[in-house]
Amino acid sequence: MALVRCWAVGIVVLVVSEYVQMTLVYGPLVGPRGVGSFGAALALVHLPNLVCVVLATWAAARVHPEPWRQMPGRHLAAACAAPAAAQVLLLTLRPGVLDPAGPGLWMSTGVLLAGCAVGLLLDRLVWTS
């Protein structure tokens with residue numbers, strides 16, 4: 001039951017933060033035509049997505065209870081399952097992103113890995129202090 005609670009918190013935080021990102025950043029600044037350059041994609045899409053993944057991972061890790069926090073595999077599954085599931089859903093709904101030669105797959109995977117790592121690091125720093 002502890003894993004389900006962590007996953008629920010991670011999903012809620014991810015959905016709310018992505019909604020805020022889409023409403024405040026992506027919608028007004030990018031528009032329906034999309035981004036024009038790699039730098040714009042990095043600044044307006046991938047960095048805000050990184051913040052969303054960090055927040056979701058951190059929130060899910062924070063609600064993971066103590067007896068299971070010390071088991072690294074279980075804590076990793078509790079904290080990172082929601083962002084990883086969102087990544088799989090994105091790749092399923094947008095098969096054009098699956099092109100290994102394109103930067104979209106690699107950037108979104110890098111954002112997922114970096115966001116989970118930073119979220120877990122934040123959790124560890126706050127937990128030990």
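In this predicted model, the side chains of His75 and Asp123 are joined by a polar contact of 3.0 Å. His75 belongs to helix α4, while Asp123 is one of the buried residues of α5, and the pair therefore offers a convenient place from which to start reading how these two helices are arranged, since His75 itself has a relative accessible area of 5% and counts as buried. Setting aside neighbours within four places in sequence, His75 is in contact with Ala61, His64, Trp68, Arg69, Leu120, Asp123 and Arg124. Among these partners, Leu120 is, like Asp123, listed with the buried residues of α5.

From Asp123 the reader can follow helix α5 as a whole. Its 26 residues should span 38 Å at 1.5 Å a residue, and because its end C-alpha atoms lie 37 Å apart, the expected and the computed values agree. The buried residues along this helix are Leu105, Ser108, Val111, Leu112, Gly115, Cys116, Gly119, Leu120 and Asp123. An α-helix has 3.6 residues a turn, so residues three or four places apart point the same way. With that in mind, the list can be read along the helix from Leu105 through Ser108, Val111 and Leu112 to Asp123. What do the buried residues of α5 pack against? They pack against α2, α3, which covers residues 66-69, and α4.

Ser108, also in helix α5, provides another polar link. Its side chain and that of Gln87 are joined by a polar contact of 3.2 Å, and Ser108 counts as buried because its relative accessibility is 11%, where the cut-off for buried is under 20%. When residues up to four places away in sequence are not counted, Ser108 touches His46 and Gln87.

Ser108 also leads to the largest pocket, as it is named, together with Val45, Asn49, Leu90 and Arg94, among the lining residues that lie nearest the centre of that pocket. The pocket holds about 980 Å³ of space and is lined by 32 residues. The elements that contribute two or more residues to this lining are α1 (2-29), α2 (38-62), α4 (72-93) and α5 (103-128). Which of the elements gives the most to the lining? Helix α4 does, with eight residues. In character, the lining divides into 22 nonpolar, eight polar and two charged residues.

Because α4 has this place in the lining, its other residues deserve a closer look. Ala78 is located in helix α4 and, at 1% relative accessibility, counts as buried. Beyond its neighbours within four places in sequence, Ala78 is in contact with Leu3, Cys6, Trp7, Ala60 and His64; His64 is also one of the contacts of His75. A position with which Ala78 can be set in contrast is Pro28, which lies 50 residues away in sequence and 34 Å away in space, C-alpha to C-alpha.

Ala81, likewise in helix α4, is partly exposed, with a relative accessible area of 23%. Not counting residues up to four places away in sequence, Ala81 touches Trp7 and Leu76. Trp7 lies in helix α1 and is partly exposed as well, with a relative accessible area of 33%. Leaving aside neighbours within four places in sequence, the contacts of Trp7 are Ala77, Ala78, Ala81 and Ala82. Trp7 and Leu44 are 37 residues apart in sequence, and their C-alpha atoms are 27 Å apart in space.

The last stop is helix α2, where Ala56 is found. Is Ala56 buried or exposed? At 0% relative accessibility, Ala56 counts as buried. Apart from neighbours within four places in sequence, Ala56 is in contact with Gly10, Val13, Leu14, Ala79 and Pro83. Two separations help to place Ala56: its C-alpha atom lies 9.5 Å from that of Val16, which is 40 residues away in sequence, and the C-alpha atoms of Ala81 and Ala56, 25 residues apart along the chain, are separated by 9.8 Å.

Note on methods. Residues numbered from 1 in each chain as written. Predicted model: local features only at pLDDT ≥ 70, side-chain atom pairs only at ≥ 80, totals over all residues. Heavy atoms only, no water. 1 Å grid on protein atoms, 1.4 Å probe; cavity = no way out; pocket = protein on both sides within 12 Å on 5 of 7 lines; lining within 4 Å. Points joined across faces, edges and corners; volume = space filled by probe spheres on them. Helix = DSSP H or I, 4+ residues; strand = E, 2+ residues; numbered from the N terminus. Nonpolar A, V, L, I, M, F, W, Y, C, P; charged D, E, K, R; others polar. Expected span 1.5 Å × (residues − 1). Buried < 20%, exposed > 50% of the residue type's maximum accessible area, 1.4 Å probe, protein only. Contact = heavy atoms within 4.5 Å. Polar contact = N/O pair within 3.5 Å; in protein donor to acceptor, adjacent residues only side chain to side chain.
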